[in-house]
Amino acid sequence: MKMLIAIVQDKDANRLSNQFIDHDIRATRLSTTGGFLKSGNTTYMIGLEDDRVAEVLDLIKTASHTRQQFMTPPVNLDAQLDNTSSYPVEVQVGGATVFVLPVEQFHQF
Ligand code: 2BA
C-alpha cells in the first residue's frame, strides 16, 4: 500500500476531487498554504493499493496545470542593497507536487 501526498493549485482541486470520486479513489483534502508564495493551495492524502498508483498519478497529471503567478518579495530595508528586490517577480507554479510514501499499516476502526 502507498500514501500519495499531492499538492495542487486551488484552481485545479475541484476537478481533481470529482475525478477521484468518479474513479472510486478515497482521498482526504486539506486546505494548505505554500511556504514560498504564502497563498492557498490544496493537499490531498490518498491511501491506495500499489497497483493503482500509476492510474492516480495520471489523473493528477491531467488535472494539474502550470501557471505563472506574481509575488512581491518583502521590502528590503537594508540601505546597502538596491531596492529593486521589492518589485513583483514572476514565478511558475505547479502543475502538481507529489510524494509517494510506503504505508506500513492501514486500519479502519
Ligand atoms: P509555494 O511554496 O508557495 O511555491 C510556489 C512556487 O514558487 C513553486 O512552485 C516554485 O516555482 C516557486 N518557489 C518555491 N520556492 C522557491 C524558492 N526558494 N525560490 C524561488 N522560487 C521558489 P512549485 O514547485 O510547483 O510548488 C508548488 C507548491 O507545492 C509550493 O508552494 C509548496 O506548497 C509545495 N511544494 C513544492 N515543493 C515542495 C517540497 N519539496 N516539499 C513540500 N512542499 C512542496
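**Exercise 1. Which residues are around the ligand in this predicted model, and how do they split by class?**

Start with the list: the ligand is surrounded by I7, G34, G35, F36, L37, N41, V91, Q92, V93, G94, T97 and F99. Now sort that shell by class: six residues are nonpolar, six are polar, and no charged residue turns up.

**Exercise 2. Find which polar atoms of L37, N41 and Q92 lie by oxygen atoms of the ligand, and how much of the ligand the protein covers.**

Go residue by residue. For Q92, look at the backbone: an N or O atom there sits 2.5 Å from a ligand oxygen. L37 also uses a backbone N or O atom, at 2.8 Å from an oxygen of the ligand. With N41, switch to the side chain, where a polar atom lies 3.0 Å from a ligand oxygen. Last step, the cover: on its own the ligand has 750 Å² of accessible area, and the protein covers 51% of that.

**Exercise 3. Which elements give two or more residues to the shell, and which gives the most?**

Two strands pass the cut: strand 5 (89–93) and strand 6 (97–102). Of the elements, strand 5 gives the most, with three residues.

**Exercise 4. Place V100, and work out why it can count towards a nonpolar surface patch.**

First, locate V100: it belongs to strand 6. Next, check its exposure: the relative accessible area is 41%, so V100 is partly exposed. Patch residues need over 30%, so V100 clears that cut-off. Finally, pick up its partners: L57, V98 and V100 make a nonpolar surface patch of about 190 Å².

How values were computed. Residues are numbered from 1 along each chain as its sequence is written. This is a predicted model: local features need pLDDT of at least 70, side-chain atom pairs count only at pLDDT 80 or more; totals for chains, interfaces and linings use all residues. Side-chain values use heavy atoms; hydrogens and water are left out. A residue is near a molecule or strand if one of its heavy atoms lies within 4 Å of it. A polar contact is a pair of N or O atoms within 3.5 Å; within protein, one must be able to donate a hydrogen and the other to accept it, and residues adjacent in sequence count only if both atoms are side-chain atoms. Accessible areas come from the Shrake-Rupley method with a 1.4 Å probe; for residues, only the protein chains shown count as cover. Helices (H or I, at least four residues) and strands (E, at least two) are DSSP runs, numbered from the N terminus. Ala, Val, Leu, Ile, Met, Phe, Trp, Tyr, Cys and Pro count as nonpolar, Asp, Glu, Lys and Arg as charged, and the others, Gly among them, as polar. Patches are made of residues with over 30% relative accessible area and no salt bridge: like charges are joined within 9 Å, nonpolar side chains (Val, Leu, Ile, Met, Phe, Trp, Tyr) within 5 Å. A salt bridge is a side-chain nitrogen of Lys or Arg within 4 Å of a carboxyl oxygen of Asp or Glu. Buried means under 20% relative accessible area, exposed over 50%, partly exposed in between (1.4 Å probe, protein chains only).
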